[in-house]
Amino acid sequence: MADQHAAPASRSGSSAVPALRWEDLPEGPVIVLLDQRRLPVDETELICTDVPALIEAIRGLAVRGAPLLGIAGAYGLALAAVRGFDVEEAAERLAHARPTAVNLAYGVRRALAAHRVALRSGAGPEKAAEAALAEARALHREDAEASADMAAHGLTLLQELLPGGGYRILTHCNTGSLVSGGEGTAFAVARAAHRAGELRRLWVDETRPLLQGARLTAYEAGRAGMPYTLLTDSAAGSLFSAGEVDAVLIGADRIAADGSVANKVGSYPLAVLARYHHVPFVVVAPTTTVDLGTQEGAAIEVEQRPGHEVTELPTTADATGTTASVPVAPVGAQAYNPAFDVTPPELVTAIVTENGVLSPVTEAGLAELCDRSRSG
Ligand code: MRU
């Protein structure tokens, strides 16, 4: 079950945007989400008391972005365990709620493994549920740490690639604290550049059709006091040709073993533009987004979303929380709506992870970078 209420007023005062938290209410534990469908107009919290509600929130993009999906998956598994639901079934359903971001299945798997280990070592269901919750909390914490490390590595990389500062960075989709336990992935690097006084402008692609750039990245950039300008996705080419882009920074939903990067649809055209204009195209993602079990980009499952997301524009929710939509195409128009695209490794200048920077992007280098997480 899900319930909605206005986010606490204190949230509006700070620039950090906590997107998800676990809360022990008198009536039982819940997962509290900042409902990203309602941003930037309303800061509304969505309270999930069970796994079906969380799955609905994931599919409907109330909670989204690769690292946060992993955290949500892990807490979802813990929620099922603490509330006494069938944990194995919950794991199966949660892991498949959306197909592309590998973090989701990863987070579920980690909490499930902790639960199983506890049961195998003789713990009762209560202790096993505690183990699953502890694992979810650990993942949440690690993601925040990874975020800070990626920001530091990413800033160093920018300083090397573009000596002199004053960066004009183009970004796509939303990669800030709304997708992470910390300040995010690509956005965290832009934010570090801003703190260092080196960000001249953040160019924010609106990110059709669901406008994660316009609704969410602009919201986060504004709160962080960053100089930003919004553009339609199709205006990016003009910006490159005018020499207004120094680097592209994006996140990733899944990185295959060969270094192919699945990210929000529209990323691949930016990589092509960046190569043509000799601009660095940098992917920022934690190693939890790397899927060494998927050999190449063509093997990554790209989520296909309903056509109405293209043929209709959602309007702001009314006072009752009901959203309407305005048609922008003739009734019955077919729409092609892949949520992601895949950029081949040869178009990626560098991949920034919490373990360091990989450039050039090679299969062996990526495996070695991921190995450092296991051995460290
Ligand atoms: O469909 P979404 O909004 O979940 O897509 C999110 C993205 O594509 C982000 O760019 C990606 O998850 C990287 S954020 C770390």
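This report covers the annotated binding site and the ligand shell of a predicted model.

## Annotated positions

An unreviewed UniProt entry assigns the feature "binding site" to R64, G65, A66, R98, Q212, N263 and K264. Two of these positions, R64 and A66, are described in turn below.

## R64

R64 sits in the loop that joins helix 2 (51–59) to helix 3 (66–82). R64 has 26 C-beta neighbours inside 10 Å and therefore counts as buried, the cut-off being 20 or more.

Apart from neighbours within four places in sequence, the contacts of R64 are Q36, L69 and V179.

## A66

A66 belongs to helix 3. Because 29 other C-beta atoms lie within 10 Å of A66, this residue is also classed as buried.

Once neighbours within four places in sequence are set aside, A66 is in contact with A101, N103, V179, G251, A252, D253 and T289. V179 is thus listed for A66 and is a contact of R64 as well.

## Shell around the ligand

The ligand is surrounded by 17 residues, of which R64, A66, C173, G251 and K264 come nearest. Helix 3 and strand 10 (261–264) are the elements that contribute two or more residues to this shell. By residue class, the shell holds 8 nonpolar, 6 polar and 3 charged residues.

R64, A66 and K264, named among the nearest residues, also appear in the UniProt annotation. G251, another of the nearest residues, is in contact with A66.

Conventions. Residues numbered from 1 in each chain as written. Predicted model: local features only at pLDDT ≥ 70, side-chain atom pairs only at ≥ 80, totals over all residues. UniProt positions renumbered as here; feature names shortened; annotations may be inferred. Helix = DSSP H or I, 4+ residues; strand = E, 2+ residues; numbered from the N terminus. Buried ≥ 20, exposed ≤ 12 C-beta atoms within 10 Å, placed from the backbone. Contact = placed C-beta atoms within 7 Å. Near = placed C-beta within 6 Å. Nonpolar A, V, L, I, M, F, W, Y, C, P; charged D, E, K, R; others polar.
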